[in-house]
Amino acid sequence: MINLIVIVVSAMMLALLMGWWRWPAFRTWFEAPKHSMLRQERRFDDQNATRTAARLHSSQGS
Amino acid sequence: MTTGSETPFHRVEQRDTQPDPGVPSVDYGLIRAHVLASFATLLISVAFGLVVATKLNLPEFLGGHAWLTWGRLRYNHTQGIFFGWLGNAFLAFLYYVVPRLADRPVLSRKLGWLLFWIWNCAVVLPGWVLVAAGFSQPLEWAEFPLVVDAFVVLAFILMVFEFVLPFLRARLSDLYVSAWYIIGGIIFTMLAYPVGNLVPELVPGARGAAFSGLWIHDAVGLYVTPFALAIAYYVIPATTRRAIFSHFLSMVGFWLLFFIYPLNGTHHYVYSAIPMAAQKGAIVASAYLGMDVILVVANLLLSLRGSSGTVGRDVPLRFVWFGVVSYLLVSLQGSVQALMPVNRFIHFTDWVIGHSHFAMIGFASFIALGGIAHLWQRIPGTRYNERTMNWSFWLLAAGLTLMVADLTIAGLVEGQVWASSAPWMESVCAVASYWLVRTFSGLPILAGLVLFFTSLVSGPGPSAAITPVASREAYIPAVEGDASISHEPPSSGRIRHAHVIIFGAGAGFFALSFLVLAILPGKELEDEIQRVAPVTMPTLTASEQKGRVVYGREGCAYCHTQQIRSLAEDVRRFGAPTEAWETKYDYPQLWGTRRIGPDLSREFNVRPRDWQLTHLYNPRLVVQDSVMPPYSWLFNGSPDRPTQEALDVVAYLETLGRARQLSGLERQAPGSSVQPGTADMVMAGEPSARATPPTVPIAMTGGYSLSAPVLHPASDPDDLQEEVSRGGALFAANCASCHGSGGVGDGKASASLLPKPANLTAARFSDERLSSVLWNGVAGSSMPPWRQLPTEDLRALVAYIQSLHSSGAAPSTQGATSLNDGESLFAANCAGCHGARGAGDGPVAGGLAPQPTNFHLKKPDRERALEVLANGLPGTAMPPWKSQLSVDQRHALAEFVRSLYGPPQEISRE
């Protein structure tokens, strides 16, 4: 049973590595989320900056 | 406007500039509430930990109150960290990060507040109160009682709705690694928690321990680690504004974690009765996990390449970086300590406590703190005080480093002592100074946490809290694949398929872990129990069962294991290895994972009840250097006035090992002793081999040997003086608590012991007598065997005890007539017990404990003999003879028994 688990997990990892090496599109698909995460971070930060600035202006105006 | 093209794996979409579809809302109120709750519970939990640590050096500190006893505080310390601190910190970060990762708000604000109140007011606070009040489970990481567990499961179900559903409805075409960790952490903890908390209550002993082992590791691997790594994977790119090194590697690490981590559980029970195949499987999985962690940490640290300056400047990132490095070190440490050659040495020692603090503070807490600081800076209108937070970092890092180094060394010291034949208390005394350092190392940690919280609430005003928009272009470097990002709903529904895959594969491995490490071993253990267990194995009486509950609620299992491993060191010290059948009525199992006191598996028939009660009332009355807490609330003011609960506990202690002894499996060859070269026991698959220990245990396991070595003190006066001097020190450390510092039997514990400890100044003892008593103890009294002491120490004790008696005792003034009278009186009144020749071997002696005195080996002073003849010896079969014998007769008898001293052949006066 232990050998089977080790073989199965190793085979899965090997398959992933093979896919990575053989198909560039696979690579692109796999790496895409790390860029979308950064885009999201910027969207939220921009919004927060806008809100904070607006709050600051309104507090200064009043 | 969008254009798209298909690849075999991904729909690549290219977007023209278009309006932002709208940023999901983030509930910063919930974030603040959880941050506040996390620090409130953290500071309380750390305070619990400090008190617990202090009690190891000052056992009486805050003693005498049930609510403040070591065991209950220890339960609340770890559960507070687990649920109160980390739970709230993770939840705060989830409210911050899920809308960003899913591009959807969390499901419901109301649900969020319901979750907040359930988590804190139905889990953490009631859990603490119930544990303090004595309602708990004696299971590692599962100490809150079952009623609280129900709310934990409910909370995780609510988390699925609150945090997982937004991902299922996500508008992102791909899922970032943090999201995978969040989904995996919530779902698999929801599944693992009830198994780890409920199953050991339903499946007894060794079989239940297999499930407990899984949960002990799943608590860290499926709950703490995924959320901590989700934070690390988010904070690093969000701070450096560069994508992580490889999302591919991050996903490989993710899958390996969820595949491998659950398979680690049984490495907490290496050399136990759990089948060896399961143990080895867990060890292999532990090695695999180490490789996975190397991969994960390499990916995270490579994500920081070129950003070392940022790590230095940005305090939240520095916290996360410290946590990532700690993750590497503590995980590799974990992999190594699962290996059998290492495990046999360090398991149950403080090394493991250092390891767990390293994991929970160095890894999880540092990353959680980094995550909180990171998000705090991004809540509109809030900033932290950087200077204060910087101080917090260094205090925490210094305190943790000191604590881990100290406990690691302490563990090595304990392992060294345990592997020798030194008495157990030597290991306690050897690490006392390390415990003190550990306690002090907690102070900078507490101060660091207080400073951290101060930094959150003392930051600059809102004018400083504007995100530097000017630098935002740096967020997204022009890298390959950036064009593939889309915020459109995935037309192919791929994301839903991905969730199905994660759930299916993860659930498959999760189920596999229980099959391989719990269900199959459990079946094997069940078969073994049926094959090996005695037909008439006694169950616990109601009193014993109640005592077991008290034993569990007071945390006794957290210092005393009930698990003798199949190791020569364990067998020599405690007796035969614990077998599965011995635990067949243990609901839940009380194997324990730590030894501060000795293992108690073979406590049956070792010590009399009054010793146990005195020890329970105040351990230092009978064991001078004990660090066990006093349980005085189980008594009505004194050890001889126990409550029913105290009697129940002692009744339970007296059952430990009972089934084994009554079954006849505890066969021990008389005269055998500690064999330093004893090999480890044969293990899995050969229960019959485990059933016959090769040696007599060092101590405390009964089996009084009749062939104690005779320890003759040195004959050279100088050597004898040296022995007496050393014996005095040994006596003060080991014997004075009962016999008193002067040896007159008036030690602190003597008030509650029956029979009273011997007055060693009132009799002359032969070498043989003292050797036998030190080697075997005195059955029926509180005198335990001391054969675990080195032979030279026993010899020194013999020399010292003999020096207590004045050798210049007055010679007999009675004539031969009087001796003849005494002999007649002895034959008529005493020979039934003491034997015709006064050797303590009368016809009824075999049924008496303590056995009648052998006057050839012990010569009482005249006054002592007369006193005993007049008043008897309470607690023994010796009655008072005041009313039956006249003063003259008692004098004659006293002189006669005193004349017997010496070898029997010399007393013949024919």
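**Reading ring pairs and salt bridges**

Tutor: Let's start inside chain B: B:Phe319 and B:Phe366 are both buried. Keep in mind as we go that this is a predicted model.

Student: Happy to begin there. How many aromatic pairs are counted over all chains?

Tutor: The count over all chains is 56 aromatic pairs. With centres 5.4 Å apart and planes at 40°, the rings of B:Phe319 and B:Phe366 form a tilted pair, because that angle falls neither under 30 degrees, as stacking needs, nor over 60, as edge-to-face needs.

Student: Which parts of chain B does this pair tie together?

Tutor: B:Phe319 belongs to helix H10 (residues 315-338) and B:Phe366 to helix H12 (residues 350-378), so the pair ties together parts that are 47 residues apart in sequence. For an edge-to-face case, take B:Phe393 and B:Trp394: their ring centres are 4.9 Å apart and their planes stand at 85°, so the pair gets that label.

Student: So what general idea should I carry to any ring pair?

Tutor: Two quantities describe a pair of aromatic rings: the distance of the centres and the angle of the planes.

Student: Is B:Phe393 buried or exposed?

Tutor: B:Phe393 has a relative accessible area of 2%, so this residue counts as buried.

Student: Which residues do ring pairs link into a cluster?

Tutor: In chain B, ring pairs join a cluster that includes B:Phe82, B:Phe83, B:Phe90, B:Trp119, B:Trp141 and B:Phe144. Also among its members are B:Phe156, B:Tyr193, B:Trp215, B:Tyr223 and B:Phe227.

Student: Rings can also have a charge over them. Which ring does the charged end of B:Arg100 sit over?

Tutor: That ring belongs to B:Tyr96, and the charged end of B:Arg100 is 3.7 Å from its centre. We also meet B:Phe393 again here: B:Arg318 lies over its face, at 5.0 Å from the ring centre.

Student: Let's turn to chain A. What does its secondary structure come to?

Tutor: Chain A has two helices and zero strands. Of its 62 residues, 47% are buried. Its accessible surface is about 3400 Å², and carbon and sulfur atoms account for 68% of that.

Student: Now for charges that meet each other. How many salt bridges are there over all chains?

Tutor: The count is 28 salt bridges over all chains. One of them joins A:Glu41 and B:Arg378, whose closest N and O atoms are 3.5 Å apart. This pair crosses between chains: A:Glu41 is in helix H2 (residues 24-61) of chain A, and B:Arg378 is in helix H12 of chain B.

Student: Are A:Glu41 and B:Arg378 buried or exposed?

Tutor: Both A:Glu41 and B:Arg378 are buried. Another salt bridge brings together the side chains of B:Glu579 and B:Arg660, at 3.0 Å from N to O. It links distant parts of chain B, 81 residues apart: B:Glu579 is in the loop between helix H17 (568-574) and helix H18 (609-617), while B:Arg660 is in helix H20 (residues 658-663). B:Glu579 and B:Arg660 are both buried.

Student: And where do B:Arg862 and B:Glu895 lie?

Tutor: The side chains of B:Arg862 and B:Glu895 meet in a salt bridge, 2.4 Å from N to O. B:Arg862 is in helix H28 (residues 862-871) and B:Glu895 in helix H29 (residues 887-899), 33 residues apart in chain B. B:Arg862 counts as buried because its relative accessibility is 15%, and B:Glu895 does so at 3%. Salt bridges can also share partners, as in the network of B:Arg72, B:Arg553, B:Glu554 and B:Glu645.

Note on methods. Residues numbered from 1 in each chain as written. Chains lettered and ligands numbered in written order. Predicted model: local features only at pLDDT ≥ 70, side-chain atom pairs only at ≥ 80, totals over all residues. Heavy atoms only, no water. Phe/Tyr/Trp six-rings, centres within 6.5 Å; stacked < 30°, edge-to-face > 60°. Helix = DSSP H or I, 4+ residues; strand = E, 2+ residues; numbered from the N terminus. Buried < 20%, exposed > 50% of the residue type's maximum accessible area, 1.4 Å probe, protein only. Lys NZ or Arg CZ within 6 Å of the ring centre and 35° of its normal. Areas by Shrake-Rupley, 256 points an atom, 1.4 Å probe, with all protein chains shown as cover. Salt bridge = Lys/Arg side-chain N within 4 Å of Asp/Glu carboxyl O.
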